[in-house]
Amino acid sequence: MMEINGTLINYYFHCKRQCYLFGNRMNLEDNSEEVKIGKAIHEEKANQGKNTELAVENIKLDRLTKEYLTEIKKSDADPEAAKWQLLYYLKVLKRNGIVRKGRLEFVEKNKKDKKVEIVELTSELEEELNQYVEQIQVLLESEKVPEVLEKPKCKKCAYYEYCYIA
């Protein structure tokens, strides 16, 4: 079973089935246009400046400055999932003696201004995050694959064909 990471945290909020499949090493991401677009945005940002794409433990961070850990997302389609992913990264940094605020940047194509959200890892949020991590571990160890969501967002998912055609 996969060690908990930011992607699993994000997927847990986005779709329990996606989280389960990815966490049990069924990776269909390489075939997804949406994932390729996200990676292209990350590469473009990385080429623009320093302090990009840092690895700590089993996570990859987009940008770390004196004040912020910045996570860049290609859309604000699921801000809750992005927020918890960022909080998880802040927790890993804190465990390594680095305390920062979190900064979420949503870089929408066709929009001039980006949306920015600032988050801080409070003790209450950290406690809630610990509960989510435990729930993810239970989910990944389960024998039962979660049900298909059947929501419009499913059409853009890397697992769409698996869920609807398999």
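**Figure 1. Whole chain: α-α-α-β-β-β-α-β-β-α-α is the order of elements, read from the N terminus of the protein chain.** This is a predicted model. Counting them up, the protein chain has 6 helices and 5 strands. Of its 166 residues, 39% are buried. Take the contacts with a separation of 6 or more: 66% of them link residues 24 or more positions apart. The accessible surface adds up to about 10000 Å², and carbon and sulfur atoms own 48% of that.

**Figure 2. Close-up of helix α4, residues 79–95.** Here we've got 17 residues spanning 24 Å from first C-alpha to last, close to the 24 Å you'd expect at 1.5 Å a residue. The helix is largely enclosed by the rest of the structure, because 13 of its 17 residues are buried. Look just past the end of α4 and you'll find Gly-97, which takes a positive phi of about 80°.

**Figure 3. Close-up of Val-119 and its contacts.** Val-119 sits in strand β5, which covers residues 115–119. Its relative accessibility is 8%, so Val-119 counts as buried; the cut-off for that label is under 20%. Setting aside neighbours within four places in sequence, Val-119 touches Lys-83, Leu-86, Leu-87, Leu-90, Lys-101 and Gly-102. Pick out Leu-86 from that set: Val-119 and Leu-86 are 33 residues apart along the chain, yet their C-alpha atoms are separated by 8.1 Å.

**Figure 4. Close-up of helix α5, residues 123–141, and its buried side.** This helix has 19 residues and reaches 27 Å between its first and last C-alpha atoms, close to the 27 Å expected at 1.5 Å a residue. Tucked away in α5 are the buried residues Glu-126, Leu-129, Tyr-132, Val-133, Ile-136, Leu-139 and Leu-140. Those residues lie on the same side of α5, because they cover an arc of only 130° around the axis. The general rule behind such a pattern is handy: an α-helix has 3.6 residues a turn, so residues three or four places apart point the same way.

**Figure 5. Close-up of what the two faces of α5 look onto.** The buried residues of α5 pack against three helices: α1 (6–14), α2 (16–23) and α4. Recall that α4 is itself largely enclosed by the rest of the structure. Now flip to the face of α5 turned away from the buried side, where the exposed residues Ser-123, Glu-124, Glu-134, Val-138 and Glu-141 are carried.

Terms used. Residues numbered from 1 in each chain as written. Predicted model: local features only at pLDDT ≥ 70, side-chain atom pairs only at ≥ 80, totals over all residues. Heavy atoms only, no water. Helix = DSSP H or I, 4+ residues; strand = E, 2+ residues; numbered from the N terminus. Buried < 20%, exposed > 50% of the residue type's maximum accessible area, 1.4 Å probe, protein only. Contact = heavy atoms within 4.5 Å. Areas by Shrake-Rupley, 256 points an atom, 1.4 Å probe, with all protein chains shown as cover. Expected span 1.5 Å × (residues − 1). Arc of directions from axis to C-beta.
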